[in-house]
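Q: I am new to reading protein structures and would like a close look at a single part. Could you take one helix and walk me through it slowly, then show me what lies around it?

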Amino acid sequence: MEIVILPTPADVARTAADAIEQQVRRGPSVLGLATGSTPLGTYAELIGRHRAGGLSFANAQAFLLDEYVGLPAGHPQSYHSVIREEFTGSVDFAPDAVHGLNGMAEDLEAEAAQYEERISASGGVDIQILGIGTDGHVGFNEPMSSLASRTRIKTLTRQTRQDNARFFESAADVPEHVLTQGLGTIRRARHLLLLAMGEAKAEAIAAAVEGPVAALCPASALQLHPHVSVLVDEAAASRLAHRDYYTDTFGRKPAWQGL
Ligand code: F6R
């Protein structure tokens with residue numbers, strides 16, 4: 001794991017956008033997209049670079065991490081709608097290149113299994129953007145999720161429904177169930193970019209990065225992945241015990257290595 005502590009959320013967004021741009025410029029790419037507030041700055045940055053003329057997603061595909069169960073694709077808070085509104089609808093992905101889970105599927109288990117197959121058939125995710133929940137979830141893998149899990153239905157914790165209530169009229173309107181890529185699915189992506197900003201994420205980041213690998217903190221499963229970049233602002237890094245070490249080693253890293 002490489003921990004990169006950056007001064008501001010804007011620096012986190014720019015650094016994540018740089019990594020995604022590099023991947024997309026390398027050739028046909030498969031991007032893993034998160035929703036929620038965390039990646040919004042990164043998406044805005046990528047849209048800006050697209051509009052400025054240089055960056056095209058025409059040869060890229062994208063897979064969403066998760067979806068609420070019971071919200072139709074047209075619902076403004078379905079992740080299908082959110083990602084189109086916040087990112088994919090403002091750049092030049094080919095029609096049908098952005099894949100999501102159908103939270104209205106009659107057979108949710110079959111939907112989850114087919115999603116796994118679609119990810120595999122694409123050749124797998126090259127770079128996966130991840131946010132982190134205050135309870136340590138990634139995707140919607142809540143505490144005690146199997147570290148080997150695959151895409152499946154999960155029940156959200158009260159804490160997560162409370163955290164996401166800001167997108168709905170009230171916490172009671174946040175769906176109870178989701179379909180989410182599993183921790184095992186996420187760990188198959190070739191490069192993971194875990195982003196976190198703000199004091200509210202500091203405890204989860206410390207547990208994920210410096211705590212033991214444990215199902216109690218699902219994001220700690222990322223410690224088992226060979227290529228993870230954790231991009232955090234000063235506030236999200238505030239509970240890390242080894243901040244000086246991370247800053248020192250990142251500062252002296254050969255520039256050609258990139259993230
Ligand atoms: C969303 C997702 C979640 C969020 C997490 C943080 O697709 O997978 O894991 O990344 O809940 O949410 P925000 O960014 O809104 O704090």
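A: Here is a walk along one helix, followed by a few stops elsewhere in the chain. Please keep in mind that this is a predicted model.

Let's start with helix α4, which runs over residues 108-121. It has 14 residues, and at 1.5 Å a residue these should span 20 Å. The C-alpha atoms at its two ends are in fact 20 Å apart, so the expected and the computed spans agree.

Which residues of α4 are buried? They are L108, E111, A112, Y115, E116 and I119. These buried residues cover an arc of only 140° around the axis, which means that they sit on the same side of α4. Here a general rule is handy: an α-helix has 3.6 residues a turn, so residues three or four places apart point the same way. What about the face turned away from the buried side? That face carries the exposed residues E109, E117 and A121.

Next, you may wonder what covers the buried residues of α4. The cover includes the strands β3 (60-64), β5 (98-99), β7 (152-155) and β8 (177-180), and also the helix α6 (183-186).

Now look at the two ends. At the N-terminal end, D107 acts as a cap for α4: one of its side-chain oxygens lies 3.2 Å from the backbone nitrogen of E109. Just after α4 comes G123, with a positive phi of about 100°.

That positive phi makes a good link to some other residues. Most residues other than glycine have a negative phi. D96 is not a glycine, yet its phi is positive, near 70°. You can find D96 in the loop between α3 (79-86) and β5, and β5 is among the elements that cover the buried residues of α4. D96 counts as exposed because its relative accessibility is 71%, and the cut-off for exposed is over 50%. M144 is not a glycine either, and its phi is positive, at about 80°. Its place is the loop between β6 (127-130) and β7. With a relative accessibility of 55%, M144 also counts as exposed.

Let's stay with the loop between α3 and β5 for a moment, where T88 and G89 can be compared. T88 is in this loop, and so is G89. Is T88 buried or exposed? Its relative accessible area is 9%, so T88 is buried. Leaving out residues up to four places away in sequence, T88 touches L33, I83, F93 and V98. G89, by contrast, is exposed, with a relative accessible area of 52%. Leaving out sequence neighbours in the same way, G89 touches I83 and R84. G89 and I47 are 42 residues apart along the chain, and their C-alpha atoms are separated by 9.6 Å.

I83, which touches both T88 and G89, also leads us to another loop. A34 lies between β2 (29-33) and α2 (40-51), and I83 is among the residues that A34 touches. The others are P39, Y43, L65, Q128, I129, L130 and G131, again without counting residues up to four places away. A34 is buried, since its relative accessible area is 2%.

For a second helix to set beside α4, try α1, which covers residues 9-26. Its 18 residues should span 26 Å at 1.5 Å a residue, and its end C-alpha atoms are 26 Å apart, so the values agree here too. The buried residues of α1 are D11, V12, A13, T15, A16, A17, A19, I20, E21, Q23 and V24. They pack against β1 (2-6), β2, α2, β6, β9 (191-196) and β10 (228-233). After α1 comes G27, whose phi is positive, near 145°.

Our last stop is the ligand. Of the 14 residues around it, T38, D66, H137, G139 and K201 come nearest. An oxygen atom of the ligand is 2.5 Å from an N or O atom in the side chain of T38. In the case of G139, a polar backbone atom is 2.6 Å from a ligand oxygen. R166 offers a side-chain N or O atom at 2.8 Å from an oxygen of the ligand. On its own the ligand has 410 Å² of accessible area, and the protein covers 94% of that.

Terms used: Residues numbered from 1 in each chain as written. Heavy atoms only, no water. Helix = DSSP H or I, 4+ residues; strand = E, 2+ residues; numbered from the N terminus. Expected span 1.5 Å × (residues − 1). Buried < 20%, exposed > 50% of the residue type's maximum accessible area, 1.4 Å probe, protein only. Arc of directions from axis to C-beta. Contact = heavy atoms within 4.5 Å. Polar contact = N/O pair within 3.5 Å; in protein donor to acceptor, adjacent residues only side chain to side chain. Near = heavy atom within 4 Å. Areas by Shrake-Rupley, 256 points an atom, 1.4 Å probe, with all protein chains shown as cover.
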